[in-house]
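Got the model open in your viewer? Here is a short tour, one selection at a time.

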Amino acid sequence: MNEPEAHLLPSAASRTPSAPCVNFRWLDTLWVQIAGTLCNIACRHCFITCGPKAFEIPMMTVGQVESALEQGRALGVRQIYYTGGEPFLHPQIRQLTEAAIAVAALTIVTNALLLDEETVHWLAGVFETSRYSLDLRVSLDGMTPEQNDPVRGRETFEKIVAAIGRLARAGISPVVTVVEHEEGLAGSEARSRFLDFIRSLGVPRPRLKFLPLLRIGREERRTHGYETANALVGERLSSDVESTLLCANGRAVTARGVFTCPILVKHPTARMGKELADGRRPIRLDWSACQTCVLEGLRCNT
Amino acid sequence: MRAAFFGGIYSNYLGLAAALVDARRRGAEAIFCLGDIGGFGPHPDRSIELLRAHGIPTVQGNYDDAVGNAKADCGCGYTDPVDNHFARISYAYTLEHTSAIHRPWLANLPSRILFDAEGTRCLLVHGSPRQVNEFLWDSTSPDDFLEHLVSSADVDVLLCTHTGIHWQRALPSGRRVVNVGALGRPANDGRTNVWYALMDTDRSEPFEFVPLRYDHQRLAHEMRQEALPEQFVETVLTGWWTTCLEILPAKERSRGKF
């Protein structure tokens, strides 16, 4: 095992001393940023500023991913998430999917723009035959082009909706994730209308996950950043909240190493080391985005 | 030796009464309950009284802990607002209709029971050995994860419930995990019967799941009389889950109607 890079972590002495700590309980969820920050679109609210020219975090090699999966297996991981950027940009996505699904349940977080008929057919085959659950998380930020395209890009609405229809016809019901980027997407009424909309695309068992905005990355320029750098200073976490935070039960692996969670993969201070075992220690919630998880209840996993 | 294991009762006292008769008819010398006695169905006291009258060793579920200690919510572990909406209705009804004399009993139930079945060490928990409301689904519980759980607990067989859908697996080590399912509501398979697990240590495959018919029409009628949500009643009458769907992994969800 490599030495954890503890000196890079915020500490009580050097930074905000009273942000609450989160103990690491176990590795329930392993996030693997297989595509790095490379994406085929550049969403205006992307919290890690991914895009077609975003090479800041490189794509992971097959060897790096397999190593992360093996380390996860040794730690008793329950579920794996493939993310990016856009995971389907990875040239070995099929090989990597087979590798992950042999270890644990797999969710691929995707914008669905590359899910053509042939890819969907292949995914349906994996879904049918895999021992553990394969899930797709498809991002769609509106029920109309006018609601979605200003944040996800021109003509993305039609393409995403078409891909959801293809998945439904193949028997796959994706989890559609919606970022609450405007008022019309907040509240139970919007949720109910969105469910009806997904049903109208031919999805008999629609699944939705609404996500609050993370005011970092490109979103900081679209609207604004957090009003308070760290609203958690002086806060005490109840055990119920602490135990359900992603950073209490999961870690993210990228080509750059192991990080506290998938939201903070671009923050050098959130890097915990090279190996997954380096991540088995408490962290302090010193980052501005942590307030979204604690105060708004964001949980990245499905 | 034969033993029966009942999961999530969810106030289905009619199913529980039928299961007690059925398990004894099948030769069960010991009967255990893995918790979550209340919730979903009507008249929560009736299930508690049956378990207490028959002296059934019972593990504390998250619902039992919540009701016994008058907590703010059921602690089921849902993350979806619709699931939580129905969970709140169910919990408020159960809390209101569980009499004070039973609450200390619920509050003091053990979080686990170790049971030696002729040399086979069995651990009975509600969710998982590490968390009362952890969902152990078949499709999201990899072998290595389960090996981790059973070896940490140092047992041969881990028995759990909490998900409402039964399954079992023999692990590469030879240890075994059995999710005993639930007596409280059908298994989202379009059938109105409920399920429990029966162990026979003389058999090479010691665990079998027993489908149990009970008077589900009467249960539905009583649920309506108590003004419980029609969505709950529909599940009892059709065998398809209509609520708590967001917790289902993709594979299990694809087998249901909704």
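Start by selecting A:L106 and A:L134: the two stand opposite each other, with A:L134 in strand 5 of chain A. Strands here are DSSP runs of E with at least two residues, helices are runs of H or I with at least four, and both are numbered from the N terminus. Before going further, some housekeeping: residues are numbered from 1 along each chain as its sequence is written, and chains are lettered from A and ligands numbered from 1 in the order in which they are written. This is a predicted model, where local features need pLDDT of at least 70, side-chain atom pairs count only at pLDDT 80 or more, and totals for chains, interfaces and linings use all residues.

**Stop 1: the strands around that pair**

Now widen the selection to strands 4 and 5 of chain A, which pair in the parallel sense over five bridges. Two strands count as paired if DSSP finds at least two bridges between them. How many residues of strand 5 of chain A are buried? Six of its six are. A residue is called buried if 20 or more other C-beta atoms lie within 10 Å of its own, exposed if 12 or fewer, and partly exposed in between, with C-beta atoms placed from the backbone. In a regular strand the side chains alternate between the two faces of the sheet. Colour A:L134, A:L136 and A:V138 for one side of strand 5 of chain A, then A:D135, A:R137 and A:S139 for the other: all are buried, and both faces are covered.

Step across to strand 3 (residues 79–82) of chain A, which pairs with strand 4 (residues 105–110) of chain A in the parallel sense over four bridges. For a landmark, pick A:Y81, whose bridge partner in strand 4 of chain A is A:T107.

Next, show the whole sheet of chain A: nine strands, open, in the order 7-6-5-4-3-2-8-9-10, with mixed pairing. Strand 7 (207–211) and strand 10 (271–273) of chain A are at the edges and have a single partner strand each, so one side of each has no neighbour in the sheet. From one strand to the next, the twist averages 25°. Angles like this run from 0 to 180 degrees between N-to-C directions, with axes as lines fitted to C-alpha atoms, for helices over the stretch in contact.

**Stop 2: backbone oddities in chain A**

Zoom to A:G84 and A:G85, joined by a cis peptide bond with omega about 15°. A:G85 sits in the loop between strand 3 and helix 2 (93–101) of chain A.

Then go to A:T49, in the loop between strand 2 (29–32) and helix 1 (62–74) of chain A. Its phi is near 55°, a positive value in a residue other than glycine. Is A:T49 buried or exposed? It is partly exposed, with 18 other C-beta atoms within 10 Å.

**Stop 3: where the chains meet**

Show both chains and pick out the contact, which takes 19 residues from chain A and 16 residues from chain B. Residues are in contact if their C-beta atoms, placed from the backbone, lie within 7 Å. On the side of chain A that touches chain B, strand 5 (134–139) and helix 6 (187–200) of chain A each supply at least two residues. That side of chain A divides into six nonpolar, six polar and seven charged residues. (Ala, Val, Leu, Ile, Met, Phe, Trp, Tyr, Cys and Pro count as nonpolar, Asp, Glu, Lys and Arg as charged, and the others, Gly among them, as polar.) The model scores ipTM 0.89 and pTM 0.92.

**Stop 4: chain B**

Hide chain A and look at chain B, with its nine helices and nine strands. Of its 258 residues, 52% count as buried.

Select the open sheet of five strands in chain B, ordered 3-4-5-7-6 with mixed pairing. Strand 3 (113–117) and strand 6 (167–170) of chain B are its edges, each with a single partner strand, so one side of each is left without a neighbour in the sheet. Here the twist averages 15° from one strand to the next. Add helix 6 (residues 143–153) of chain B, which packs on the sheet and touches strand 4 (120–124), strand 5 (157–160) and strand 7 of chain B. The direction of this helix makes about 110° with that of strand 5 of chain B.

At the edge, strand 6 of chain B runs antiparallel to strand 7 (residues 176–179) of chain B, joined by four bridges. Click B:W167 and its bridge partner in strand 7 of chain B, B:N179.

Last selection: B:A227, in the loop between helix 7 (216–225) and helix 8 (230–238) of chain B. B:A227 has a positive phi of about 60° although it is not a glycine, and it is exposed, with 10 other C-beta atoms within 10 Å.

Technical notes: Two residues are in contact if their C-beta atoms, placed from the backbone, lie within 7 Å.
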